[in-house]
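Welcome! Here is a short guided tour for anyone meeting this structure for the first time. Have a look at it, then read on.

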Amino acid sequence: GKVLTPPDYVLARPLSAYGEAMRGLRTALLLSNVDAPPRAVIVSSSLPGEGKTTTAIALARSVAGSGKRVVLVDADLRRPALTRTLGIEPEAGLVEYLAGEASLDEVLIGDEASGLQVLPTLKGSANAPDLQGSESMRVLVEKLKTDFDLVVVDSPPLLLVSDAVVMARTCDKMLFVVKWEETPRQAADEAVHRLRQLDVDVAGVAFSRIDLARGSAYGGYGGGYYGKGAGYYVN
C-alpha cells in the first residue's frame, strides 16, 4: 500500500505509537503552564532536516483531531515547506498578508484531512526578519490566538538565522526538535544556550525519527517498555 508520511500517519493510525506520542506531546505542552496553557507554540530546531516541519504538522493535526480549532502557520519565510509537504496550492500567504496585499480569509486554507487551518508561505522573502519582527506579525499572532484554540508556528532553524528567535517572542512557548542520534550535541547545546540568553520560554525537547527497536535498549520515553506494551498500539 501507500507509504504514509508521519503527518499522514497520525491521522490514518491515531492509535499507533506515533499517534500516542503526539498526544503525549500535546499534553506536555498544556501542562507546561497549568495556570495559563499556551495558545501559541513555535516549533524549531538547531539545524535544517531535524523534523521540525513534520512535527509541527503532526502536532497540529493531532490537536485538531481532538476537536480543537487549530491553525498551522508557516513562518519559515526563507525556505517555506508546508505547501510542499501538505500538497496545497494557495494563491496568497503570510508574506502577502503582512504586506497588506491579502486579507486573513484570503490566506487561510483548510487541511481537508484533519480540519485544521493552514496559513502558508508561498515563496521565500529577502526581508524575513523585518516581517517577522513587525508589529503586524505580533498583532496577527494575537488575533489567531483569539480565533483559534491553538496556534502552531513552523519556524526556521535557530543556528542559521535570527528569524526563529524573533518569532518566538510573539509566541507563548517553544518546542525544540532534535533528530535522534544525528543532531550534533554541540549544535543542540548552542541553540538551547542562545534561547536561554534571550529568555525564550522553551516548553521542552521533542526527539524525531527515533528507532524504537534500537531505542528500547536505552529506556528513554517509551523505550524500555515499548516491546512489552506494543499490544496497546495499532500500528
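A good place to begin is with strand β2: in β4, the bridge partner of its residue V73 is L119. Please keep in mind that this is a predicted model. The chain holds 12 helices and 7 strands, and buried residues account for 47% of its 235 residues.

**The chain as a whole**

- Among contacts between residues at least 6 apart in sequence, 77% join residues at least 24 apart.
- The exposed surface of the chain comes to about 12,000 Å², with carbon and sulfur atoms supplying 51% of it.

**Strand β2 and its partners**

- Strand β2 covers residues 70-74, and 5 of its 5 residues are buried, so the strand is largely enclosed by the rest of the structure.
- In a regular strand the side chains alternate between the two faces of the sheet.
- Here V70, L72 and D74 point one way from β2, while V71 and V73 point the other way; all of them are buried.
- Which strand is joined to β2 by 5 bridges? That is β5 (residues 150-154), and the two run parallel.
- Within that pairing, V70 has L150 in β5 as its bridge partner.
- Strand β4 (residues 117-119) is joined to β2 by 3 bridges, and these two strands also run parallel.

**Strands β1 and β6**

- Strand β6 spans residues 173-179, and 7 of its 7 residues are buried.
- Both of its faces are covered: K173, L175, V177 and K179 lie on one side, with M174, F176 and V178 on the other.
- Strand β1 (residues 40-45) runs parallel to β6, and 5 bridges join the two.
- Opposite V43 stands L175 in β6.

**The nonpolar cores**

- In soluble globular proteins, nonpolar side chains tend to be buried together.
- The largest nonpolar core has 36 residues, and those with the most contacts inside it are V73, L94, L119, L144, V153 and L158.
- A second, separate core has 24 residues, among them A60, V118, V152 and V177.
- What does V153 touch, not counting residues up to four places away in sequence? Its contacts are V41, I42, V43, V73, A75, M167 and C171.

**Helix α3 and residue A60**

- Helix α3 is made of 14 residues, which should span 20 Å at 1.5 Å a residue; its end C-alpha atoms are 20 Å apart, which agrees.
- 12 of those 14 residues are buried, so α3 is largely enclosed by the rest of the structure.
- The buried residues of α3 include T53, I57, L59, R61 and V63.
- A60 is found in this helix, which runs over residues 52-65.
- Is A60 buried or exposed? A60 counts as buried because its relative accessibility is 0%, below the 20% cut-off for buried residues.
- Setting aside residues up to four places away in sequence, A60 touches V70, L72, L116 and V152.
- A60 and L150 are 90 residues apart along the chain, and their C-alpha atoms are separated by 8.2 Å.
- After α3 comes G67, which has a positive phi, near 100 degrees.

**Helix α8**

- Helix α8 (residues 135-147) has 13 residues and reaches 18 Å from its first C-alpha to its last, close to the 18 Å expected at 1.5 Å a residue.
- Its buried residues are M137, L140, V141, L144 and K145.
- Seen down the axis of α8, these buried residues fall within an arc of 135 degrees, so they line one face of the helix.
- An α-helix has 3.6 residues a turn, so residues three or four places apart point the same way.

**Two more residues to find**

- E96 lies in helix α5 (residues 94-98) and is buried, with a relative accessible area of 10%.
- Leaving aside neighbours within four places in sequence, E96 is in contact with E101, A102, L122 and K123.
- A188 belongs to helix α10 (residues 185-197) and counts as buried at 13% relative accessibility.
- How far from the C-alpha atom of S46 is that of A188? The two atoms are separated by 5.8 Å, although the residues are 142 apart along the chain.

How values were computed: Residues numbered from 1 in each chain as written. Predicted model: local features only at pLDDT ≥ 70, side-chain atom pairs only at ≥ 80, totals over all residues. Heavy atoms only, no water. Buried < 20%, exposed > 50% of the residue type's maximum accessible area, 1.4 Å probe, protein only. Helix = DSSP H or I, 4+ residues; strand = E, 2+ residues; numbered from the N terminus. Pairing = 2+ DSSP bridges. Contact = heavy atoms within 4.5 Å. Areas by Shrake-Rupley, 256 points an atom, 1.4 Å probe, with all protein chains shown as cover. Core = buried A, V, L, I, M, F, W, Y, C linked by side-chain atoms within 4.5 Å. Expected span 1.5 Å × (residues − 1). Arc of directions from axis to C-beta.
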